[in-house]
Amino acid sequence: MKRSIYYLFSAAALLFTACTAEPLIDNTITGFIPGPTSFTAVMEGDETKAVIGQNGSNKPQTFWENGDAINVFSSAVSGSTAGFKFTTSLPANSTSAEFTYSGDDFPLGEQYFATYPYRSNTRGVNYTDLRLAGLQIPASQTLVPGSFDKDAALSVAYVDGGSNTLYFQNGTALLKFRVSESNIVDGRIEVDKNDAISGTFRAVIDASTKELTVEKYTASGVSQNNFVNFSMGGTALSTGTDYYVAIAPVELTSDLKIYLNGNLVKVINKSSVAALQRNKIYNLGILTTPATPAEKVLRFDFSGDALTGWPTSDNWQNGPGNLNCTYPLYGTNYNFFLTDCGNGSKARVAWVKSAGGLILYATWRYVGLPAIAGYKLVKVSGTMCLVTNAKRKAAIVKNVAADNTQGTISVLHQFVAGGESSAWSTKGTTYTFNLSGTEGNTMYYFLCTNTSVGVSDLTLTYVPI
């Protein structure tokens with residue numbers, strides 16, 4: 001036997017609709033009937049549009065698609081639970097769809113939470129305080145022309161009193177933009193580190209108004225990020241096309257920055273937009289790279305296969321390496337210099353995929369960081385990829401030691417201010433050097449000052465001199 005519950009729905013994946021919902025069928029369930037359970041999902045309506053900069057074109061309409069899934073949580077199962085997966089089978093995209101759970105064990109309750117998109121992770125559900133944890137907004141999103149990444153389309157619904165009507169509310173704000181150049185392959189939205197726009201969040205429902213709030217919280221294994229990276233998987237963005245990035249609602253403590261191909265292209269001052277609210281679209285307008293960007297943030301990924309010309313094993317030659325290696329990014333070849341102290345017996349800096357990235361296998365090993373004409377290096381961030389070891393340390397220095405028998409690390413190096421030797425010890429942790437006093441068009445060196453260090457990525461920030 002099949003039991004049906006009809007819900008009024010506004011999923012972020014079904015964003016931008018102006019359709020009118022059909023009247024709901026009163027079909028309240030009063031008992032447990034074994035068999036498949038289905039929900040009819042209908043869109044709530046379109047979102048409020050907010051504008052930053054110039055206005056954009058009309059919003060497109062998107063639809064339920066074949067295979068879409070939602071997650072339903074029943075108060076008959078409290079505490080930590082994975083919920084129940086309901087899917088839809090459609091011959092064509094539709095503004096209304098029936099979602100079905102094929103099992104016969106869906107427990108009827110007086111309260112329900114539901115989420116889109118479906119995720120299998122266990123959630124903490126609190127039906128007393130009306131909270132649902134474990135909601136995810138990805139820090140890396142794949143752009144969709146005219147729409148946005150459905151994996152980022154977070155929406156949440158809550159109903160009580162055994163009602164058969166469930167109103168989904170969009171959990172994200174959307175940033176809309178176009179690009180004016182044909183070579184843009186990726187970008188980044190960034191706010192202050194005190195703010196959070198991606199990661200894992202918690203939904204809170206107001207008991208009186210049933211209004212949704214998405215908030216960050218602290219729990220074991222839970223974190224939030226102050227950025228969202230976006231791309232089309234290596235394909236360039238098209239000019240004249242709208243793109244959307246989903247972020248968590250946030251009250252800004254600093255300016256919001258937008259980067260394309262690593263270049264800072266726009267800054268939204270917090271005095272003009274104090275908060276980004278859920279269920280609103282903020283139009284960034286047409287983004288154009290300035291002739292001299294105020295900041296370049298270049299991320300070099302060493303987690304995959306080594307590029308041609310890079311050494312791929314430890315001890316790859318006798319004596320210091322002294323090897324120039326090229327890393328192409330956004331159409332520019334950036335030069336890294338791999339070397340060892342002048343009296344090193346072996347070359348011990350290499351890009352080793354099986355070890356997790358670019359490895360400095362011993363103390364007194366260096367990676368010369370790219371020098372950019374007209375710009376100076378002001379920040380170095382990297383994610384440590386080796387096994388956690390409290391002894392691991394690194395620094396940013398101005399020189400390579402000619403002979404390590406003539407003194408200590410500190411005696412034989414000029415440390416860049418802010419780049420003094422410090423722990424790079426925990427696997428998976430991102431460490432940052434904020435530098436001052438650097439000069440333009442100058443190579444500085446990432447140095448292993450104790451044991452060994454390795455990075456799965458390096459993010460280098462440059463500003464004009």
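This report walks through the fold, the charged pairs, the aromatic pairs and two individual residues of a predicted model.

## Overall picture

Let's start with the secondary structure: the protein has 37 strands and zero helices. Of its 465 residues, 51% are buried. Among contacts with a separation of 6 or more, 76% are between residues 24 or more positions apart. Several of the side-chain pairs described below join parts of the chain that are far apart in sequence, including Lys150 with Asp68 and Lys176 with Asp242.

## Salt bridges

Side chains of opposite charge can pair when their charged atoms come close. In this structure there are 13 salt bridges. One of them joins Lys150 to Asp68, with 2.7 Å between the closest N and O atoms. Lys150 belongs to the loop between β11 (140-142) and β12 (155-159), while Asp68 belongs to the loop between β3 (48-51) and β4 (69-74), so this salt bridge ties together parts that are 82 residues apart in sequence. The two partners differ in their surroundings: Lys150 is partly exposed, at 23% relative accessible area, whereas Asp68 is buried, at 8%.

A second example brings together the side chains of Lys176 and Asp242, at 3.9 Å from N to O. Here too the pair links distant parts of the chain, with Lys176 in strand β14 (residues 173-179) and Asp242 in the loop between β19 (227-231) and β20 (243-247), 66 residues apart. Both of these residues, Lys176 and Asp242, are buried. In another salt bridge, Arg278 meets Glu211 at 2.5 Å, N to O. Arg278 sits in the loop between β24 (275-276) and β25 (280-287), and Glu211 in the loop between β16 (198-205) and β17 (212-215); they are 67 residues apart, and the pair links distant parts of the chain. Arg278 has 15% relative accessibility and therefore counts as buried, the cut-off being under 20%. Glu211, in contrast, is partly exposed, with a relative accessible area of 40%. Salt bridges with shared partners also join Glu65, Asp68 and Lys150 into one network.

## A buried arginine without a salt bridge

Now for Arg119, found in the loop between β8 (112-116) and β9 (123-126). Which side chain of opposite charge is nearest to this buried residue? That neighbour is Asp151, at 5.0 Å, and Arg119 has no salt bridge. A salt bridge needs a nitrogen to oxygen distance within 4 Å, so the 5.0 Å separation from Asp151 does not qualify.

Asp151 does meet Arg119 in another way: the backbone oxygen of Asp151 is 2.5 Å from a polar atom of the Arg119 side chain. Beyond neighbours within four places in sequence, the contacts of Arg119 are with Asn71, Gln136, Pro138 and Asp151.

## Aromatic rings

The count of aromatic pairs comes to 23. One of them is edge-to-face, between Phe84 and Phe106, with 5.3 Å from centre to centre and 80° between the planes. Phe84 is in strand β6 (residues 84-88) and Phe106 is in the loop between β7 (96-101) and β8, so the pair ties together parts that are 22 residues apart in sequence. Both count as buried: Phe84 has 14% relative accessibility, and Phe106 has 0%.

Phe300 and Tyr334 form another edge-to-face pair, at 5.7 Å centre to centre and with 80° between the planes. This pair links distant parts of the chain, from strand β26 (residues 296-301) for Phe300 to strand β28 (residues 332-340) for Tyr334, 34 residues apart. Phe300 and Tyr334 are both buried. They also belong to a cluster linked by ring pairs, together with Phe302, Trp310, Tyr327, Phe336 and Trp351.

## Charges over rings

Charged side chains also meet rings in this model. Arg188 lies over the face of Phe227, 4.1 Å from the ring centre. The charged end of Lys296 sits over the ring of Tyr375, at 5.4 Å from its centre.

## Val453 and its surroundings

Val453 is in strand β37 (residues 453-464). Its relative accessibility is 0%, so Val453 counts as buried. Leaving aside neighbours within four places in sequence, Val453 is in contact with residues including Leu358, Ile359, Leu360, Trp424 and Cys448. Lys427 lies 26 residues from Val453 in sequence, and their C-alpha atoms are 9.9 Å apart.

Technical notes:
Residues are numbered from 1 along each chain as its sequence is written. This is a predicted model: local features need pLDDT of at least 70, side-chain atom pairs count only at pLDDT 80 or more; totals for chains, interfaces and linings use all residues. Side-chain values use heavy atoms; hydrogens and water are left out. Helices (H or I, at least four residues) and strands (E, at least two) are DSSP runs, numbered from the N terminus. Buried means under 20% relative accessible area, exposed over 50%, partly exposed in between (1.4 Å probe, protein chains only). Lys and Arg count as positive and Asp and Glu as negative; His and the chain ends are not counted. A polar contact is a pair of N or O atoms within 3.5 Å; within protein, one must be able to donate a hydrogen and the other to accept it, and residues adjacent in sequence count only if both atoms are side-chain atoms. Contact means heavy atoms within 4.5 Å. Rings of Phe, Tyr and Trp (its six-membered ring) pair if their centres lie within 6.5 Å; planes under 30 degrees apart count as stacked, over 60 as edge-to-face and the rest as tilted. A charge sits over a ring if NZ of Lys or CZ of Arg is within 6 Å of the ring centre and within 35 degrees of the ring normal.
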